[in-house]
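Please open the model in a viewer and follow the selections below in order. Each stop indicates what to select and what is to be found there.

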Amino acid sequence: MTTPVPRTLYIHDDLSVDLRAQGEHAQRLGTALLERLRGDRRIVVLTLDEQLDKLLARGGHAPFAATVGIGRAGARVAAQIHARTRWFPVIHRVDLWREEDEAGGYVLAGSATLASELARIADVDSVAVVDDTIFSGLTMRAVLEALPPRKGRRVHAFCLRAVAESLPGVAALAPVSAGVVAPGRILEDVSFINASGLVRRGAIRRAGQASLAFFERPEWMAAWFPGYAEDVIEQCRELHEAVEAPRADRAPRTRRGSPAPSAPPGSRPPGSSSRRSAPGR
């Protein structure tokens with residue numbers, strides 16, 4: 001089976017801000033990449049402000065005693081929402097992510113068990129759970145299901161963007177508010193990616209293997225950018241080299257997380273599932 005071509009691909013532009021500290025050359029490359037993608041009528045490039053505006057328009061909330069940010073992205077989004085609303089005065093980051101397994105599917109992984117990470121909020125009477133994206137809903141549901149039980153607790157889930165068909169599964173566990181809500185079937189009708197993931201390794205996590213950037217998974221790029229994927233891959237590769245190469249005016253960076261692969265990675269191993277072709281959560 002081939003990777004399906006989504007009718008609409010939503011790309012969150014977190015790249016423009018990311019490149020501000022990378023120098024003029026990297027910024028020019030990033031601008032050229034985003035301009036190329038905006039020229040495709042299938043692609044919707046989302047800004048942070050428009051997603052926040054849509055989320056806040058869905059209604060206000062009293063401050064929560066504790067907020068769980070799912071991973072670095074969820075904690076960052078919680079802080080961005082709090083800066084405009086003051087809803088989340090105490091944010092706890094829970095390190096939880098989805099990674100590819102050897103069987104061709106996805107498993108949840110983290111630096112500690114959810115039970116141990118959530119034990120610190122066992123006695124609070126209101127909890128917000130925040131992520132950047134609800135795609136399949138796997139990570140959000142896992143956190144909501146793992147919350148320590150407490151009678152009468154107010155719980156609410158938040159995200160900047162979501163696939164509509166995944167929201168009922170989350171709403172069965174807690175009320176949920178999302179900024180941009182995309183209708184349609186996952187993968188066939190709609191997909192979500194972050195622009196930074198096109199060029200920075202870590203977008204694709206693999207159990208027991210080094211992480212990849214999206215441009216290093218050519219079958220996904222071919223589905224997202226049909227007819228011009230090779231050109232986009234080359235743009236991403238050039239930008240990747242620009243942001244990863246040590247700059248002359250600073251010491252080489254030490255990156256956290258998985259070591260970068262030294263050889264150009266290829267496609268997925270034979271037998272892996274095409275349904276794995278979804279970078280969301």
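Begin by selecting residues 24-38, helix α2, together with residues 229-244, helix α9. In this predicted model, the two helices pack at an angle of about 160 degrees, and their axes lie 9 Å apart. Because angles over 145 degrees count as roughly antiparallel, α2 is roughly antiparallel to α9. The crossing of the two helices is left-handed.

Next, display the side chains at this contact. On α2, select H25, A26, L29, G30, A32, L33, R36 and L37. On α9, the partners are D231, V232, Q235, C236, E238, L239, A242 and V243. Of the residues in the contact of α2 with α9, 10 are nonpolar, three are polar and three are charged.

Remain with C236 of α9, a member of this contact. Is C236 buried or exposed? Its relative accessibility is 0%, so C236 counts as buried. Then select C159, which also has a relative accessibility of 0% and therefore counts as buried. With the cysteines in view, one may ask how many disulfides the structure holds. The structure holds zero disulfides.

Finally, move to Q22, in the loop between α1 (15-18) and α2. Q22 has a relative accessibility of 9%; as this is under the 20% limit, Q22 counts as buried. Add E244 to the selection and compare the C-alpha positions: Q22 and E244 are 222 residues apart in sequence, and their C-alpha atoms are 9.5 Å apart in space.

Notes: Residues numbered from 1 in each chain as written. Predicted model: local features only at pLDDT ≥ 70, side-chain atom pairs only at ≥ 80, totals over all residues. Heavy atoms only, no water. Axes fitted to C-alpha atoms, helices over the stretch in contact; angles between N-to-C directions. Helix = DSSP H or I, 4+ residues; strand = E, 2+ residues; numbered from the N terminus. Parallel < 35°, antiparallel > 145°, perpendicular 65-115°, else oblique. Left-handed = near helix turned anticlockwise from the far one by under 90°. Contact = heavy atoms within 4.5 Å. Nonpolar A, V, L, I, M, F, W, Y, C, P; charged D, E, K, R; others polar. Buried < 20%, exposed > 50% of the residue type's maximum accessible area, 1.4 Å probe, protein only. Disulfide = S-S within 2.5 Å.
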